[in-house]
Amino acid sequence: MKVLVPVKRVVDFNVKVRVKADGSGVDLANVKMSMNPFCEIAVEEAVRLKEKGVVSEIIAVSIGPIQSQETIRTALAMGADRGILVQTDQNVEPLAVAKILAKITAEENPEIVLLGKQAIDDDSNQTGQMLAALLDWPQGTFASELVKDGDHLLLTREIDGGLQTLKLSVPAVITTDLRLNEPRYASLPNIMKAKRKPIDIKPIDEFGVDITPRLEIVKTEEPAGRKAGVILESVADLVDKLKNEAGVI
Ligand code: AMP
């Protein structure tokens, strides 16, 4: 079984982002970039499936600037076999990403496309669902457990008030949730080995997909600062404030 894992290069989750002075977006100059955490979980899951003998080949694919090669190298160091970089300096919205991934899927014929449930930069949570629709494949989103069951996949999802288990036929699109696994750190020997694994770099024009943005960012704002708290004298004061200031009781 072949698995395609799309991995996105995003601002590292530890970075406190700054909004640009003109509000047009966040400042990316000299900011640490890393693999999107949900994509790391997807790579880890693919590697675990390979270790169990369920999967034979893992292809990591990224759409982005030339530096996204580093993100692909991280996936290769974790255990992916080869990479594809679709190179562009433009911001590519989820629909265009999904269309490009659909074309790569048609070329590579994987049985599973394993994506993150969302990219933490734009928080879209759209690409996997759009890809499943374009391919007309079953989708299992927000997976917190994934097991092979004969010719099918059993996928557990955390939903309000419990767990839902889906049985999917392959080929299928799967997206990962936080509790699916804890991604490994790549060992030094595997980082060295990853340098020799192939990455195929393709210009985005080759795919014939219109990547013109459909959305316009109107404004980006810092979250409002939190107000200082107050220490109250008595329960009666608290009830008074909840009733007359917060209006919640
Ligand atoms: P989103 O729909 O943008 O929140 O992203 C969901 C998932 O789609 C990510 O976790 C990735 O697996 C995949 N994805 C989105 N954008 C890209 C990209 N530019 N390159 C590779 N994968 C992507």
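**Exercise 1. A pair within one helix**

Work out whether Glu44 is buried or exposed, then find its salt-bridge partner.

*Solution.* Step 1: Glu44 has a relative accessibility of 2%, so it counts as buried. Here buried stands for under 20% relative accessible area, exposed for over 50%, and partly exposed for anything in between, using a 1.4 Å probe and protein chains only.

Before going on, a word about the model: it is predicted, local features need pLDDT of at least 70, side-chain atom pairs count only at pLDDT 80 or more, and totals for chains, interfaces and linings use all residues. Residues are numbered from 1 along each chain as its sequence is written, and side-chain values use heavy atoms, with hydrogens and water left out.

Step 2: the partner is Arg48, and the closest N and O atoms of this salt bridge are 2.7 Å apart. A salt bridge requires a side-chain nitrogen of Lys or Arg within 4 Å of a carboxyl oxygen of Asp or Glu.

Step 3: place the pair. Both Arg48 and Glu44 belong to helix α1 (residues 37-51), where four residues, about one turn of the helix, separate them. Helices (H or I, at least four residues) and strands (E, at least two) are DSSP runs, numbered from the N terminus.

Step 4: compare the labels. Arg48 is partly exposed because its relative accessible area is 30%, while Glu44 is buried.

**Exercise 2. Bridges across the sequence**

Which parts of the chain are tied together by Arg184 and Glu51, and which by Glu108 and Lys2?

*Solution.* Step 1: look at Arg184 and Glu51. Their salt bridge has its closest N and O atoms 2.8 Å apart. Arg184 sits in the loop between β10 (172-176) and α5 (188-194), and Glu51 is in helix α1, so this pair links parts that are 133 residues apart in sequence. Arg184 is partly exposed, at 30% relative accessibility, and Glu51 is exposed, with a relative accessible area of 55%.

Step 2: turn to Glu108, which forms a salt bridge with Lys2; the closest N and O atoms are 3.2 Å apart. Since Glu108 lies in helix α3 (residues 94-108) and Lys2 in strand β1 (residues 2-6), the pair ties together parts that are 106 residues apart in sequence. Both Glu108 and Lys2 are buried.

Step 3: widen the view. Lys2, Glu57, Arg82 and Glu108 are joined into one network by salt bridges that share partners. The structure holds 18 salt bridges.

**Exercise 3. Around the ligand**

Find which residues come nearest to the ligand, and say what kinds of residue make up its shell.

*Solution.* Step 1: 18 residues surround the ligand, each with a heavy atom within 4 Å of it. Pro6, Ile63, Ala119, Asn125 and Thr127 come nearest.

Step 2: sort the shell by class. There are eight nonpolar, eight polar and two charged residues.

Step 3: ask where they come from. Strands β4 (57-64) and β6 (112-116) each supply at least two shell residues, and β4 gives the largest share, three residues.

Step 4: check the backbone atoms. A backbone N or O atom of Pro6 lies 2.8 Å from an oxygen atom of the ligand. A polar backbone atom of Asn125 is also 2.8 Å from a ligand oxygen, and so is a polar backbone atom of Gln126. The protein buries 99% of the 480 Å² that the ligand exposes when taken alone.

**Exercise 4. Backbone details**

Locate a cis peptide bond and two residues other than glycine with positive phi.

*Solution.* Step 1: the bond from Val170 to Pro171 is cis, with omega near 5°. Pro171 lies in the loop between β9 (162-169) and β10.

Step 2: Asn109 has phi near 55°. This residue is in the loop between α3 and β6, and counts as exposed at 56% relative accessibility.

Step 3: Asp123 has a positive phi of about 50°. Its loop runs between β6 and α4 (127-135), and at 46% relative accessibility Asp123 counts as partly exposed.

**Exercise 5. The whole chain**

How many helices and strands are there in the chain, and what percentage of its residues count as buried?

*Solution.* Step 1: the chain has six helices and eleven strands. Step 2: 39% of the 249 residues count as buried. Step 3: the C-alpha trace spans about 65 × 45 × 40 Å along its principal axes.

Note on methods
A polar contact is a pair of N or O atoms within 3.5 Å; within protein, one must be able to donate a hydrogen and the other to accept it, and residues adjacent in sequence count only if both atoms are side-chain atoms. Accessible areas come from the Shrake-Rupley method with a 1.4 Å probe; for residues, only the protein chains shown count as cover. Ala, Val, Leu, Ile, Met, Phe, Trp, Tyr, Cys and Pro count as nonpolar, Asp, Glu, Lys and Arg as charged, and the others, Gly among them, as polar.
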